[in-house]
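User: I am new to this structure and would be grateful for a close look at a single part of it. Please give one connected account.

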Amino acid sequence: MRNSQPLLRGGLVAAAAALMLGPAAAPAVAGPGISVSTSGSSVSVLTSACTQINGSWGTAALLNSSQTTFAQGRQVALTGTSAGQSAAWSDVSPGTYTVIVMCSNNNTAGTQTVIVPPRPTRSATPTATPTVTPTISATSSPSPSRGVMGGLGGAVRDYGTVTLTAGGVLVGTGAIAAGWFLRRRFRPHRW
């Protein structure tokens, strides 16, 4: 009976290793969707969910906060290849927008909200830059004009079920391994 404990411990280590390696060994399957980004006053969208039908990949629409349907938005035809399609809008005013991508087979590839930040203001006449001695003060640091955009870190991208499951398994495996380590560490040694 005394020899069964090392076997049990070895089995737990092997099970933990199998749990960590199992999801990593399987290829992650990305579901259809869209990826929206902004750069200055431009908004662009990428997708790989659409297929070409009669020479068309589909259409993307940019809707402002008062628009509710795809037909009301600024529509742009998707361009690209079977590996990826894209669309872009320029001279977009600051604000919150919704991007919808409709494939040529009338299926929606995805919908995502994007915020276009205000443009920085520039003076009309160039001025000489004065030499400034840096000072450390709580009042000298600029504060955000629109506050902090909290909650948009991971919410901007829609992660698939496989990614979320793999993350959950890794967290669970870490908790089990930590418990096993602590249990083993505080157990009195018997010779």
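Which residue in β8 is the bridge partner of V99? Please begin there and describe the surroundings of that pairing.

Analyst: The bridge partner of V99 in β8 is Q112. The model is a predicted one, and the description below should be read with that in mind.

The pairing in question belongs to a hairpin. Strand β7 covers residues 95–103 and strand β8 covers residues 108–116. The two strands run antiparallel to each other, and eight bridges join them. To place this hairpin in the whole, one may follow the chain along its sequence, where the elements come in the order α-β-β-β-β-β-β-β-β-α. The secondary structure thus consists of two helices and eight strands. The chain has 191 residues, of which 17% count as buried.

Between the two strands of the hairpin stand four residues. Two residues of this connection deserve attention, and N106 is one of them. N106 lies in the loop between β7 and β8, and its phi is positive, near 70°, although the residue is not a glycine. Most residues other than glycine have a negative phi. N106 has a relative accessible area of 63%, so this residue counts as exposed, the threshold for that class being over 50%. N107 is also placed in the loop between β7 and β8. With a relative accessibility of 45%, N107 counts as partly exposed.

N107 also leads to another part of the chain. Its C-alpha atom is 8.4 Å from that of C50, while 57 residues separate N107 and C50 in sequence. C50 in turn is joined to the hairpin by a covalent link: C50 and C103 form a disulfide, with their sulfur atoms 2.0 Å apart. C50 is located in the loop between β2 (42–47) and β3 (58–63), whereas C103 is in strand β7, so the disulfide ties together parts that lie 53 residues apart in sequence. The structure holds one disulfide. The torsion about the S-S bond of C50 and C103 is about -75°, and the disulfide is therefore left-handed. Both cysteines fall under the 20% limit for buried residues: C50 has a relative accessible area of 3%, and C103 has one of 5%.

The loop that carries C50 also holds N54, which lies between β2 and β3. N54 has a relative accessible area of 82% and is exposed, in contrast to C50, which is buried. The phi of N54 is positive, at about 55°, and this residue is not a glycine. A positive phi is thus found at N54, in the loop between β2 and β3, and at N106, in the loop between β7 and β8.

After that loop comes β3, which is a further neighbour of β7. Strands β3 and β7 pair in the antiparallel sense over six bridges. Within this pairing, A60 stands opposite V101 in β7. Strand β7 is accordingly paired with β8 through eight bridges and with β3 through six bridges. Strand β3 also has β4 as a partner; β4 comprises residues 74–77, and four bridges join the two strands, which run antiparallel. Here L62 stands opposite R74 in β4. Because five of the six residues of β3 are buried, this strand is largely enclosed by the rest of the structure.

Two further places help to complete the picture away from the hairpin. The first is Q85 in strand β6, which spans residues 84–89. Q85 is buried, with a relative accessible area of 1%. Its side chain reaches the backbone oxygen of T81 at 2.8 Å.

The second is a nonpolar patch on the surface, formed by F181, L182 and F186, which together have about 350 Å² of accessible area. L182 is part of helix α2, which covers residues 161–185. The relative accessible area of L182 is 42%, so this residue is partly exposed.

To return to the starting point, V99 of the hairpin has Q112 in β8 as its bridge partner. The hairpin strand β7 is tied through C103 to C50 in the loop between β2 and β3, and β7 also pairs with β3 in the antiparallel sense.

Methods:
Residues numbered from 1 in each chain as written. Predicted model: local features only at pLDDT ≥ 70, side-chain atom pairs only at ≥ 80, totals over all residues. Heavy atoms only, no water. Pairing = 2+ DSSP bridges. Patch = residues over 30% accessible without salt bridge, like charges linked within 9 Å, V, L, I, M, F, W, Y side chains within 5 Å. Areas by Shrake-Rupley, 256 points an atom, 1.4 Å probe, with all protein chains shown as cover. Salt bridge = Lys/Arg side-chain N within 4 Å of Asp/Glu carboxyl O. Buried < 20%, exposed > 50% of the residue type's maximum accessible area, 1.4 Å probe, protein only. Disulfide = S-S within 2.5 Å. Polar contact = N/O pair within 3.5 Å; in protein donor to acceptor, adjacent residues only side chain to side chain.
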